[in-house]
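Please explain this structure in a few paragraphs. Go through its main pocket, one of its helices and its aromatic contacts.

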Amino acid sequence: MMYLVGNTRLRSDDPSIDQALAAVRGSKTRPRCLCVATGVEMYVARIQGKHVIKRMPDSGGSHHPSCDSYEPPAELSGLGQVIGSAIQESPDTGITALKFDFSLSKTGGRAAPVPGDGEADSVKTDGSKLTLRGVLHYLWEQAGFNRWSPSMAGKRSWFVIRKYLLQAAAEKSAKGVNLVDILYMPEAFNAERHADATARRIAYFGKVASPTKGTRRLMMVIGEVKELSPSRYGHKIVLKHLPDCHFMLNDDIHKRLVKRFAVELGLWDGIEGTKLLVIATFSVGQTGIASVEEAALMTVTDSWLPFDSVYEKMVLDGLAASGRRFMKGLRYNLPSSKPLACAVAIDTQPAPTALYVVPPGSSDEYSAEVSTLAQDSKLASWIWSASSGEMPALPSNQVSA
């Protein structure tokens with residue numbers, strides 16, 4: 001990408017860009033992204049010792065669809081419900097403040113909360129606070145893992161996922177703490193370096209290790225699930241890349257987790273190549289054992305693109321197989337009863353195209369809401385009513401003569 005920093009045009013990979021950004025950070029002179037002729041104002045943040053150009057709030061639609069800073073209209077995904085309330089960006093400080101609807105501490109004897117993402121036995125959020133699933137979707141989008149282009153094929157691994165999710169968590173704060181300081185993600189397993197990784201993990205867990213009585217501090221974990229299975233006194237989540245540390249579940253939270261995320265567990269079990277991600281809060285006892293307090297699950301394709309149904313996966317697979325460039329819409333706090341754009345093809349002309357899927361058995365109200373979303377959007381639209389038969393041809397990315 002090309003930027004105007006001060007009076008100098010610089011590419012994002014120019015060796016001198018960090019120094020140039022440092023010179024303008026905090027000043028009234030903001031860099032401009034030159035993806036369009038007039039340029040789009042950006043801001044500078046400092047993340048893990050490096051200066052980074054960030055998109056200004058609510059400016060994603062001003063960028064060219066081919067630009068890394070382009071973002072479809074927020075109302076086409078769950079982002080529209082939480083941006084500006086649960087997610088508050090500050091270009092002046094470079095810090096993004098997040099509001100959670102789950103606790104980062106636990107008082108001894110208090111019952112475990114319902115695990116979930118806003119679709120539970122009762123209404124837990126009005127959109128002003130992020131659920132656990134909302135946090136995972138936000139980090140996923142910030143890291144760019146809801147985006148796809150042919151050049152990304154074969155380049156995503158747990159090492160890459162972990163690296164960029166942790167970068168996405170930097171400069172994010174919640175309840176007075178930096179998110180990256182309480183987020184644990186297993187290191188990619190390496191037999192030769194496993195002992196060192198274990199030592200780092202034990203030291204990390206030691207930050208919140210506490211006695212069984214009194215208030216416990218909680219951490220968050222994101223990982224790929226290898227196994228969800230019985231243990232001697234309940235159940236446990238076994239993560240890939242972490243063979244010798246399991247996350248324990250009591251029978252009650254396990255029962256609720258399986259009930260609430262039956263769809264995700266079914267997709268994981270029934271579709272070859274599907275990966276299952278967990279995000280959870282957990283405490284660490286004096287013994288060093290991790291116990292889950294609240295959790296949410298997310299299914300992704302073998303290319304790490306999130307999906308909620310077989311029909312969504314068919315759309316994503318079709319786009320990827322055709323060498324298309326697109327962005328996956330994420331739900332954040334929205335329940336499955338509310339429609340959103342399954343994906344946005346960013347390679348169609350003259351504008352991106354929002355793709356909608358109406359699952360079989362959907363209510364008339366659901367179908368009407370899809371039609372309203374499509375009609376009110378500035379983007380072109382493509383709608384597949386899955387009960388009507390085969391998936392129609394995907395929107396063309398060819399410029400007509």
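The text below takes the pocket, then a helix beside it, then the aromatic rings.

The model is a predicted one. Its largest pocket holds about 1600 Å³ of space. The lining comprises 45 residues, and Val52, Asp68, Gln142, Ala143 and Tyr164 are the closest to the pocket centre. By class, the lining splits into 20 nonpolar, 10 polar and 15 charged residues. Several elements give two or more residues to this lining: helix 1 (17–24), strand 4 (40–47), strand 5 (50–55), helix 3 (132–142), strand 9 (147–148), helix 4 (158–169) and strand 19 (326–328). Strand 5 supplies the largest share, with 6 residues.

Helix 1, one of the elements that contribute to the pocket lining, can be read face by face. Its residues Ile17, Ala20, Leu21 and Val24 are buried. Viewed down the helix axis, the buried residues of helix 1 fall within an arc of 95°, so they line one face of the helix. The spacing fits a general rule: an α-helix has 3.6 residues a turn, so residues three or four places apart point the same way. Gln19 and Ala23, on the other side of helix 1, are exposed. What do the buried residues of helix 1 pack against? Their partners are strand 1 (2–5), strand 2 (8–11), strand 4 and strand 5. Strands 4 and 5 also give residues to the lining of the largest pocket. Just after helix 1 comes glycine 26, which takes a positive phi of about 85°.

The aromatic side chains form the last topic. The model has 10 aromatic pairs, counted by a ring-centre distance within 6.5 Å. In one of them, phenylalanine 205 and phenylalanine 247 meet edge-to-face, with 6.3 Å centre to centre and 70° between the planes. Phenylalanine 205 belongs to helix 6 (residues 194–205) and phenylalanine 247 to strand 16 (residues 247–249), so this pair ties together parts that are 42 residues apart in sequence. Both phenylalanine 205 and phenylalanine 247 are buried.

Phenylalanine 247 also pairs with phenylalanine 282: the ring centres are 5.2 Å apart and the planes stand at 85°, so this pair is edge-to-face. Since phenylalanine 282 lies in strand 17 (residues 275–284) and phenylalanine 247 in strand 16, the contact ties together parts that are 35 residues apart in sequence. Phenylalanine 247 and phenylalanine 282 are both buried. These three phenylalanines belong to one aromatic cluster, formed by Tyr184, Tyr204, Phe205, Phe247 and Phe282.

How values were computed. Residues are numbered from 1 along each chain as its sequence is written. This is a predicted model: local features need pLDDT of at least 70, side-chain atom pairs count only at pLDDT 80 or more; totals for chains, interfaces and linings use all residues. Side-chain values use heavy atoms; hydrogens and water are left out. On a 1 Å grid over the protein atoms alone, a cavity is a set of points where a 1.4 Å probe fits but cannot get out, and a pocket is an open set with protein on both sides within 12 Å along at least five of seven lines; lining residues have an atom within 4 Å of a point. Grid points are joined across faces, edges and corners, and a volume is the space filled by probe spheres set on the points. Helices (H or I, at least four residues) and strands (E, at least two) are DSSP runs, numbered from the N terminus. Ala, Val, Leu, Ile, Met, Phe, Trp, Tyr, Cys and Pro count as nonpolar, Asp, Glu, Lys and Arg as charged, and the others, Gly among them, as polar. Buried means under 20% relative accessible area, exposed over 50%, partly exposed in between (1.4 Å probe, protein chains only). The arc is that of the directions from the helix axis to the C-beta atoms. Contact means heavy atoms within 4.5 Å. Rings of Phe, Tyr and Trp (its six-membered ring) pair if their centres lie within 6.5 Å; planes under 30 degrees apart count as stacked, over 60 as edge-to-face and the rest as tilted.
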